[in-house]
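Please find below some comments on the model, set out as numbered points. They are meant to be read alongside the sequence and the coordinates.

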Amino acid sequence: MRTSFSKSMYISSEMIIDQVINTRILLSPLNWGMGHVSRCIGLIDRLRSQNNTVIVACSEAQQAIFGQYFPDLTFIDHDGYPFEFKGKGNFGMDLMNKSPSLYRRLKKERIEIESYVKEHLIDLILSDHRYGFRSDSVKSIFIAHQVNLPVRIHEKIVGMIHNKYLSSFDHIWVLDYPDFRLAGDLSESKRSNVSYIGPFSRFSRYDRPGLMEVENVLIASGPNVYAQKLIDEVCSNTKFSEDLIVLHNGDLNVPEGIRTITGDWLDQDACLLKAKHIISRSGYSTIMDCLHLGAATTFIPTKGQREQEYLAKIHS
């Protein structure tokens, strides 16, 4: 028996993840790095354990990762947003320069979603921080850790746009605890339609090994231009470069002589499960993973990305 969360059957503002049972779900993660894919793995595990059918709309690169964990998952080819980063730490300007094409993609996405809902008999939409991934015909939930963006006073308009898009969703699931918030002020909200569903990590599917035998593991994640900067910085630091393993997506350059694991996330997982010390950007998905892994961590925020700078500060 399927449970249909149609607009006409609007459930109370207290809707929580435990209520989603026997449902056909359409999920899509944002294509800003692969952190959104990573945290959706744990989320998909949880949803499927509650007898739900999950269909994922995403890019080919995202499908390649999801397929390693869920060989039987159904995918819809769905283009990401056309982000373009110059690597100078000016994220606001990079996004502003791409805003016309980003908006066009968002508007087109809204049309695509309605066809997906009809073709795949979707009951519920889950959008991991994709503002355009919602439907007018079925209940749509926005997944995020940032209810509040870390914007400066002169960028207030950005926060207003963010809030406007959030208001177009029926509900918001925040990947954090209600009392002890890993995202600090970013996840604080007094909205009536917000539920704190706790952190999610793909490492929740693993049993922890008893022996931590890898000294230093570097996770080079995020947009490639910034991931390469992190590799260059860490590998030139003699404090970390000895007994170091670098994990990356295969399109980056690592100095000769330093061990690397590329491409296969399952191999990278096996390495991280044995890590004594993890070095990474302070992206929220990585913070959730490190919390679950329990290893010592060093967070190096991407310069100019204020979310990461803030998260690195509160978790220092």
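**Notes on the predicted model**

1. In this predicted model, helix α6 (residues 224-235) has twelve residues, which at 1.5 Å a residue should span 16 Å, and since its end C-alpha atoms lie 16 Å apart, the expected and the computed span agree.

2. The buried residues of α6 are Y226, A227, Q228, L230, I231, V234 and C235. For C235, the last residue of the helix as delimited here, the relative accessibility is 11%, and C235 is counted as buried because the cut-off for that class is under 20%. As a general point, an α-helix has 3.6 residues a turn, so residues three or four places apart point the same way.

3. On the cysteines, the count of disulfides comes to zero. C40 illustrates the reasoning: the closest cysteine sulfur to that of C40 belongs to C58 and is 9.4 Å away, which is too far for a bond because a disulfide requires the two sulfur atoms to be within 2.5 Å. C40 is itself buried, with a relative accessible area of 1%.

4. Turning to the sheet, five strands form an open arrangement in the order β10-β9-β8-β11-β12, and their pairing is parallel. The edges are formed by β10 (259-262) and β12 (296-299), each of which pairs on one side only, and the twist from one strand to the next averages 20°.

5. Within this sheet, the parallel strands β8 (residues 214-219) and β11 (residues 275-280) are joined by five bridges. A reader wishing to inspect the register of this pair may look at N216, which stands opposite H277 in β11. Helix α8 packs on the sheet, where it touches β8, β9 (244-248), β10 and β11, and the direction of α8 makes about 145° with that of β9.

6. Which residue of α8 (residues 265-272) deserves a separate comment here? D269 is found in this helix, and D269 is buried, with a relative accessible area of 0%. Its side chain is joined to that of Y206 by a polar contact of 2.6 Å.

7. What else is D269 in contact with, once its neighbours within four places in sequence are left aside? The contacts of D269 are then Y69, R202, F203 and Y206, so that Y206 appears both in this list and as the partner in the side-chain polar contact.

Terms used. Residues numbered from 1 in each chain as written. Predicted model: local features only at pLDDT ≥ 70, side-chain atom pairs only at ≥ 80, totals over all residues. Heavy atoms only, no water. Helix = DSSP H or I, 4+ residues; strand = E, 2+ residues; numbered from the N terminus. Buried < 20%, exposed > 50% of the residue type's maximum accessible area, 1.4 Å probe, protein only. Polar contact = N/O pair within 3.5 Å; in protein donor to acceptor, adjacent residues only side chain to side chain. Contact = heavy atoms within 4.5 Å. Pairing = 2+ DSSP bridges. Axes fitted to C-alpha atoms, helices over the stretch in contact; angles between N-to-C directions. Expected span 1.5 Å × (residues − 1).
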